[in-house]
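User: Could you walk me through this protein model step by step? I'm new to reading structures.

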Amino acid sequence: MADYKKDAQLLLEDIGGKENISAVTHCATRMRFVLVDPALADKEKIEKITTVKGTFTQAGQFQVIIGNDVPTFYNEFVKLSGNEGVSKDQVKSAAKQNMNLIQRAMAVLAEVFSPIIPAIIVGGLILGFRNVIGEVPMGFLDGKTIVETSVFWNGVNSFLWLIGEAIFHFLPVGITWSIAKKMGTTQILGIVLGITLVSPQLLNAYAVAETAAKDIPFWDFGFAQVNMIGYQAQVIPAMLAGFMLAYLEIWLRKFIPQAVSMIFVPFFSLVPTVLMAHLVLGPIGWKIGSFVSMIVNTGLASSFNWLFGALFGFLYAPLVITGLHHMTNAIDLQLVADFGGTNLWPMIALSNIAQGSAVLAIIFLHRGNKEEEQISIPAAISCYLGVTEPAIFGINLKYVYPFIAAMIGSGVAGLISTLFNVTALSIGVGGLPGILSIQPPYYLIFAICMLIAIVVPFGLTVAFRKYGVFNKLDPIDEKTGKIVA
């Protein structure tokens, strides 16, 4: 087992001492700090520590990349610093003191969607696979689909929809549960609230447009009638209802005695929220969601869609740095609900590929630098599999020009993607496997966009390095190929 005592001591000193640490924890590969004064952390010295593979600041947290041995390093650090480790939720809470209002809102959005993203990715892959076997005519089958010619694959197609429907049609259940979990309120109430938004008793959201107004079922209270409409796949109605339930429960617990809180808090939290969800929050949320998705879809379908695609592709990576990229999850899901697919997500996958390709160019340019390859090679792999932070913060922003090269490549790929209306079935794995979530008619053009996102950033990174663009930010000894500082 490696001895990290020396490196842990150096990190403690360079981060500003134990007095500068408000909270500390770790994740799979990183130490996460909330600092009293972030300016006291000497990033240059920290990044020279042998064990450290990079640093970055995100969501109010100063994060130090250690690698897979981070639990061992963390234990050594805590012994030396005397700081008691806390949970990641406590660190996130403490980090909010270093965040502005927009950053806090984005952090909340991220915390709501992060737990349900794995299910959404699975759903996107399932939809993609079902489209391949059920919708794409095969030449070797005389123009028929695989499902049309095989009892087995027809059964597989039908079975997989059980999972796909559970993920997308019942998405509000996941959202309201996640909000309850994030807010520290009763999670089962969040689940029940979500079910009341998609119950079979309600008219399915997908059938509303085809149903005459007189045929829509309703609850008749004598003095008022409330339409019984479901909110399958709707994002904003579920979010509004989820937050109302959470804040109402928190407020009630301040006034209702603990002896009877088990009875009255759930009742007076859930019943009013369900009523308001169907009377006010649901209809308003539906209109807001439809408006947002319409605006985005109009931009993607307009005569200036090439400009929209180029700008979004170019600017998506900077959005990741600010944390604002989390808002795209809600927009993507709303586009899927309203239009049956999203043109936005393919550009996100292409941006991830572009950042990975820029790192690949750095690996090529700095080949032989074993120390840096411990960071760059895993970063490139994770980028191609949809996780960009190690690549962006560990390599590309360190030298700047690879980051800009990736932005340009992503912009070009995004332009082509929108020109040809490339559409994804839903959110998927945001890298090379992303093609599995693309609607089958767009496989070829998306593959071309992927090639652009690989070749352009790689070529520009090499060219920028060769011709001295941002050369001062790339301290490489030309003779040895190693980093000077």
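Below is a short run of questions and answers about this predicted model.

User: Let's start with the big picture: how many helices and strands does the chain have?
Analyst: The chain has 485 residues, and buried ones make up 50% of them. If you take the contacts with a separation of 6 or more, 72% are between residues 24 or more positions apart. As for secondary structure, the count comes to 19 helices and six strands.

User: Which residues of strand 2 are buried on the side with M31?
Analyst: In a regular strand the side chains alternate between the two faces of the sheet. On one side of strand 2 you find R30, R32 and V34, all buried. The other side is covered too, and its buried residues are M31, F33 and L35.

User: Strand 2 has partners, so which residue of strand 4 stands opposite M31?
Analyst: Strand 1 (residues 21-26) runs antiparallel to strand 2, with five bridges between them, and there H26 stands opposite M31. Strand 4 (residues 61-65) is also antiparallel to strand 2, joined by four bridges. In strand 4, the residue opposite M31 is V64.

User: How far does helix 8 reach from its first C-alpha to its last?
Analyst: Helix 8 covers residues 151-168, which is 18 residues. At 1.5 Å a residue you'd expect 26 Å. The reach in the model is close to that, at 26 Å.

User: Which residue caps the N-terminal end of helix 8?
Analyst: Look for a side-chain oxygen by the backbone nitrogen of F152. There is one at 3.3 Å, inside the 3.5 Å cut-off for a polar contact. The oxygen belongs to S150.

User: Which helices help cover the buried residues of helix 8?
Analyst: An α-helix has 3.6 residues a turn, so residues three or four places apart point the same way. In helix 8, the buried residues are V156, N157, L160, G164, I167 and F168. Their cover includes helix 6 (117-135), helix 7 (146-149) and helix 9 (171-183).

User: What kind of aromatic pair do F364 and F458 form?
Analyst: A pair of aromatic rings is described by the distance of the centres and the angle of the planes. The whole structure holds 11 aromatic pairs, and in the one made by F364 and F458 the centres are 5.9 Å apart, with 45° between the planes. F364 sits in helix 15 (residues 344-365) and F458 in helix 19 (residues 443-466), so the pair ties together parts 94 residues apart in sequence. An angle of 45° is neither under 30 degrees nor over 60, so this pair is tilted.

User: Which residue lies over the face of F364?
Analyst: F364 is partly exposed, with a relative accessible area of 39%. Over its face, at 4.4 Å from the ring centre, lies R367.

User: A233 has a positive phi, but is A233 buried or exposed?
Analyst: Most residues other than glycine have a negative phi, and most peptide bonds are trans. A233 has a phi near 70°, and its place is the loop between strand 6 (225-227) and helix 11 (236-255). Its relative accessible area is 6%, under the 20% cut-off, so A233 is buried.

User: And N421, what is its relative accessibility?
Analyst: N421 has a positive phi as well, near 60°. You'll find N421 in the loop between helix 18 (401-419) and helix 19. N421 counts as partly exposed, because its relative accessibility is 36%.

Technical notes:
Residues are numbered from 1 along each chain as its sequence is written. This is a predicted model: local features need pLDDT of at least 70, side-chain atom pairs count only at pLDDT 80 or more; totals for chains, interfaces and linings use all residues. Side-chain values use heavy atoms; hydrogens and water are left out. Helices (H or I, at least four residues) and strands (E, at least two) are DSSP runs, numbered from the N terminus. The expected span of a helix is 1.5 Å times one less than its number of residues. Buried means under 20% relative accessible area, exposed over 50%, partly exposed in between (1.4 Å probe, protein chains only). Contact means heavy atoms within 4.5 Å. A polar contact is a pair of N or O atoms within 3.5 Å; within protein, one must be able to donate a hydrogen and the other to accept it, and residues adjacent in sequence count only if both atoms are side-chain atoms. Rings of Phe, Tyr and Trp (its six-membered ring) pair if their centres lie within 6.5 Å; planes under 30 degrees apart count as stacked, over 60 as edge-to-face and the rest as tilted. A charge sits over a ring if NZ of Lys or CZ of Arg is within 6 Å of the ring centre and within 35 degrees of the ring normal. Two strands pair if DSSP finds at least two bridges between them.
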